[in-house]
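Thank you all for coming. I would like to walk you through one structure this morning, starting from a single residue and working outwards, so please have a look at it first.

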Amino acid sequence: MAAIYQAAYRRAALFCRSHSTYVRKMRYLSKLKEDDSLCRQAQTSGTFYLFHNLSPFLQKVGKKYLIPQLSAAEMKRILEKFKETEQWIEKSVLIGCSDERVPHFALDLGALERSVIEAELKGSFTDLRKAFFVVDEKDSSLLASAQALLRWHDSHQYCSKTGQPTQKNVAGSKRVCHASGITYYPQMSPVVIILVSDGSRCLLARQPSFPQGMYTALSGFCDVGEAVEEAARREVAEEVGLEVESLWYSASQHWPFPSSCLMIACHALVRAQQLKISMNSLELEEARWFGLEEIMEGLKREPKSAKQNNGSFLPWFPPKQAIAHQLISEWVKQQTSQPAQVQ
């Protein structure tokens, strides 16, 4: 009995330590966001992720693409090479910290010569959409958050009321117009993304701007005053002319395209009596029903292997990093786990 109690105590202690680590980390980040002096000090011991005009810096190691973390000393060396002062560091934004409370910053070096930086660090600045396909899932989330925050600062340098310049705090968690006293905070736009099903098929669509052959779930921005459920039902009605009968939430994801969005993912079941698609051609190029077998084949297909000899493209779906992929995979799992009906 004593051994059982000891094992239970060890498990409880392990949980408490893990929980305490997370709480300490979150409270440390909160302090950094509010205390300019503390954050400025953290910049001298933190690590930095580099961008150039919002494109992240990657290094290829073997077949993998990695996102290097540069130390403050390495950042100082690079800035000295360009005859820039350490004040450049204050242009960085806080994007997180490790469990050991080593702060992470993102810094855009767009004003410096791109090729020189790439040669010096033996890597390349890569378009974020391309980076999403080659980095690990946890890294893609970090890049998305960092780029979104850098983009927000770049586009909010003036007060919308006075037209005067705004000033960011050291962490980059806000900007202040000292002329009006208004404080601006980064914002995300809520977007619903809905995988529509009739029970045995799911509906996917594509826009003209999509890569050839790519299909995904329906999506759209929430209107002012709308609940998520209302926005989902409206988008399905507007885009494909179907009426949602039931709706359930799956997950959410920050998505930086075209700007900082919060993707709210849902599954929707439409009425069996109304399955004919009436597509809104102003928004979509194509929308159609997919069966389980076609979906499973599409999930295995790489974009580069989708093109056929006659020039047409087989359907393929967003990468694993995208929440649309998660919705489609969940639908497949639900379909394949259903018990077979007795004839």
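Let me begin with H325, which, leaving aside residues up to four places away in sequence, touches L299, P318, P319 and K320. Please keep in mind throughout that this is a predicted model. H325 belongs to helix α9, which spans residues 323–336, and because its relative accessibility is 11%, below the 20% limit, H325 counts as buried. There is also a long-range relationship here, in that H325 and A217 lie 108 residues apart in sequence, yet their C-alpha atoms are 8.8 Å apart in space.

Stepping back to the whole chain, the protein is divided into domain 1, residues 16–156, and domain 2, residues 189–336. The UniProt entry, which is unreviewed, carries the annotation "domain: Nudix hydrolase" over residues 186–319. Over that annotated stretch the chain is 16% helix and 34% strand, and the C-alpha atoms at its ends are 27 Å apart.

How do the two domains meet, and how many residues of each are in contact? Twelve residues of domain 1 are in contact with nine residues of domain 2, while the centres of the two domains, taken over C-alpha atoms, are separated by 33 Å. Between them the domains bury about 930 Å², and 70% of that is on carbon and sulfur atoms. On the domain 1 side, R129, F132 and F133 lose the most area to domain 2, and together they account for 49% of what that side buries.

I would like to finish with the aromatic residues, where the count comes to four aromatic pairs. Take F48 and F105, whose ring centres are 5.4 Å apart and whose planes meet at 25 degrees, which is under the 30 degree limit, so the pair is stacked. This pair links distant parts of the chain, since F48 sits in strand β1 (residues 47–52) and F105 in strand β6 (residues 103–108), 57 residues apart. Are these two rings buried or exposed? F48 is buried, with a relative accessible area of 0%, and F105 is buried as well, again at 0%.

Elsewhere, Y215, F290 and F317 form one aromatic cluster, and R288 lies over the face of F290, at 3.9 Å from the ring centre. A similar arrangement involves K91, which lies over the face of W88, at 3.8 Å from the ring centre.

Definitions and conventions. Residues are numbered from 1 along each chain as its sequence is written. This is a predicted model: local features need pLDDT of at least 70, side-chain atom pairs count only at pLDDT 80 or more; totals for chains, interfaces and linings use all residues. Side-chain values use heavy atoms; hydrogens and water are left out. UniProt positions are given in the numbering used here, feature names are shortened, and annotations may be inferred rather than shown by experiment. Helices (H or I, at least four residues) and strands (E, at least two) are DSSP runs, numbered from the N terminus. Rings of Phe, Tyr and Trp (its six-membered ring) pair if their centres lie within 6.5 Å; planes under 30 degrees apart count as stacked, over 60 as edge-to-face and the rest as tilted. Buried means under 20% relative accessible area, exposed over 50%, partly exposed in between (1.4 Å probe, protein chains only). A charge sits over a ring if NZ of Lys or CZ of Arg is within 6 Å of the ring centre and within 35 degrees of the ring normal. Domain bounds come from an automatic or database domain assignment. Contact means heavy atoms within 4.5 Å. Buried area is the accessible area (1.4 Å probe) that two parts lose on being put together, summed over both.
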